[in-house]
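Me: I would like a close look at one helix pair in this structure, and after that at a few individual residues in the loops. Please take the packing of the two helices as the starting point and go on from there.

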Amino acid sequence: MGNAAPSRRTSPAPPSRRTPPTRRAALSLLAATPAAALLTGCNGASTSSGGRVTLRYFFWGDVIRAELLGKCIKIFESEHPKIRIKSGFVAFDAYFQKLATAAAGGNPPDVMHVDFNWVRTLTDHGVLADLEEFSGPGKEIQPDTIVPALRTAGVVEGKRFCLPLAQNSLAMAYDHELWEQAGARPPSWEMSWAEFQDEALKVEEFTRGKQAGVDNLARDGNGIELYQLQRGRQFWTPEGRIGITRDDYREYLHYLTDWRRHGGLAGPEVYLESLPADPIAARRTASTILWDNQLATRVTQRGGPLALATPPTHGDVSGLYPKPGILAGVAAGSPYRSQGARFVNFLINDPRCAEIMGANIGMPPTTRQAPATGRLKGLDRETLRYERHVADRQIPTPNPPGDGGAPLYLYQQRLLERFNYGRVSIDDAVDQFFDQVSVVLA
């Protein structure tokens, strides 16, 4: 799964007061590139020649993910000689700009990766096909193999528009050797956040401030969502509206402010000194919250060991849930929806795909691919161990964000950045966030 890092120098634009745009115009507004700049590696229309169909498949990632998916595609094409897959990819932060541009121009890819935050937006704007007609016994897709915790992922108002390609969970990655040297207890859900603050401070003091105990929990939306879920509150309602109040948001920002005064929580100087790397990769923090499938990347970047632990809690609720790290959907306007559905089913149900992908995008989403986890090694094995550890105390997957939720998250990242730098007060941050909510979700 990828997370887009907000610019460290850009302040959020003030809330727009314009009339909500049409579907196509709304998608166009999300694109930062001209309509002619269609999907990298996926230019041109889907084609059919001599009974052979070419599907355009677009995903986000890097060359490693592209190589792994390329191996899966070769297997699929060898067993479906009348279907050819033409794939292309870009980094996560550019992905939805490219996708929105193509969709606004009426030329989206036949098969596309979808982030959980974008499911409702792409559904409401008519980009994704309703896959119900292709699902069931004897049809292109067999959704009954999806593990129970993920069966509602990609379902909007009772209809399935996407299928999960993997599952992952939030985790606390920490330098276990450093924490041990500092005499600090490692994080766990048996530990309260207050206790964790004291342990994080021990690590920071041991390093004489060279590494903060933990990265700032207000860097993105993961921290505040976890904070609310542990209190039994949903960030989004089933109808796609904001499920928290101004007081909830204010309480969270006060909590982080008090923690920073206490010590152990990374301040703005940590980000500046880490650029262009992530703070834990730059060895400026000793722990961070991330999605568990990101462990191997962070270890490589840091050049040292990291382990996965459960985040602390404020009570008995873990706040952890199985997230469909990446979903796959088929374009509503594709003339080859049946072939696209068949390819998506291959990605989620063929055990060979799971063996090839490892934990690159997360753990397998179906019972048919689950046996492949027995071949995981090294850090992928650590991710599997963590997933099994948290399974019994996970809460159900929360409601997906409403239409406009993904741009709202990006706005929130920039707003929290300004808050972290002391450029906006707690009350101003609360007002600006909910002002933007009233516009984006109007």
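Reply: A crossing of two helices is called left-handed if the near helix is turned anticlockwise from the far one by less than a right angle, and right-handed if it is turned clockwise. With that convention in hand, and with the reminder that this is a predicted model, the pair to look at is helix H8, residues 246–262, and helix H15, residues 426–440, whose axes come within 10 Å and cross at roughly 140°. That angle makes H8 oblique to H15, because only angles over 145 degrees count as roughly antiparallel. In the sense just defined, the crossing of H8 and H15 is right-handed.

On the H8 side, the residues that meet H15 are Arg246, Tyr249, Arg250, Leu253, His254 and Thr257. Their partners in H15 are Ile426, Asp427, Ala429, Val430, Asp431, Phe433, Phe434 and Asp435. Sorted by class, this contact of H8 with H15 is made of seven nonpolar, two polar and five charged residues.

The setting of this pair is a protein chain with 15 helices and eleven strands, in which 58% of the 442 residues count as buried. Among contacts between residues at least 6 apart in sequence, 76% join residues at least 24 apart.

One such link across the sequence is found in the loop between helix H7, residues 221–229, and H8, where Gln234 has its place. Gln234 and Asn399 are separated by 165 residues in sequence, yet their C-alpha atoms are 7.6 Å apart in space. A polar atom of the Gln234 side chain lies 3.5 Å from the backbone nitrogen of Asn399. Once its neighbours within four places in sequence are left aside, Gln234 is in contact with Leu229, Gly243, Ile244, Pro398 and Asn399. Gln234 is nonetheless partly exposed, since its relative accessible area is 31%.

Thr366 offers a contrast in exposure: with a relative accessible area of 0%, this residue is buried, although its place is in a loop, the one between helix H12 (351–357) and helix H13 (378–390). The side chain of Thr366 reaches the backbone oxygen of Ile348 at 2.6 Å. Apart from neighbours within four places in sequence, the residues in contact with Thr366 are Thr145, Ile146, Val147, Ile348 and Asn349.

Three further loops deserve attention for their backbone geometry. As a general rule, most residues other than glycine have a negative phi, and most peptide bonds are trans. Against that background, a cis peptide bond joins Leu275 and Pro276, with omega at about 5°, and Pro276 is found in the loop between helix H9 (268–274) and strand E9 (287–291).

Glu157, a residue other than glycine, has a positive phi, near 50°. Glu157 lies in the loop between strand E5 (155–156) and strand E6 (159–160), and with a relative accessible area of 75% this residue is exposed. Arg208 likewise has a positive phi, near 55°, and lies in the loop between helix H6 (193–206) and H7. At 79% relative accessibility, Arg208 counts as exposed.

Key
Residues numbered from 1 in each chain as written. Predicted model: local features only at pLDDT ≥ 70, side-chain atom pairs only at ≥ 80, totals over all residues. Heavy atoms only, no water. Axes fitted to C-alpha atoms, helices over the stretch in contact; angles between N-to-C directions. Helix = DSSP H or I, 4+ residues; strand = E, 2+ residues; numbered from the N terminus. Parallel < 35°, antiparallel > 145°, perpendicular 65-115°, else oblique. Contact = heavy atoms within 4.5 Å. Nonpolar A, V, L, I, M, F, W, Y, C, P; charged D, E, K, R; others polar. Buried < 20%, exposed > 50% of the residue type's maximum accessible area, 1.4 Å probe, protein only. Polar contact = N/O pair within 3.5 Å; in protein donor to acceptor, adjacent residues only side chain to side chain.
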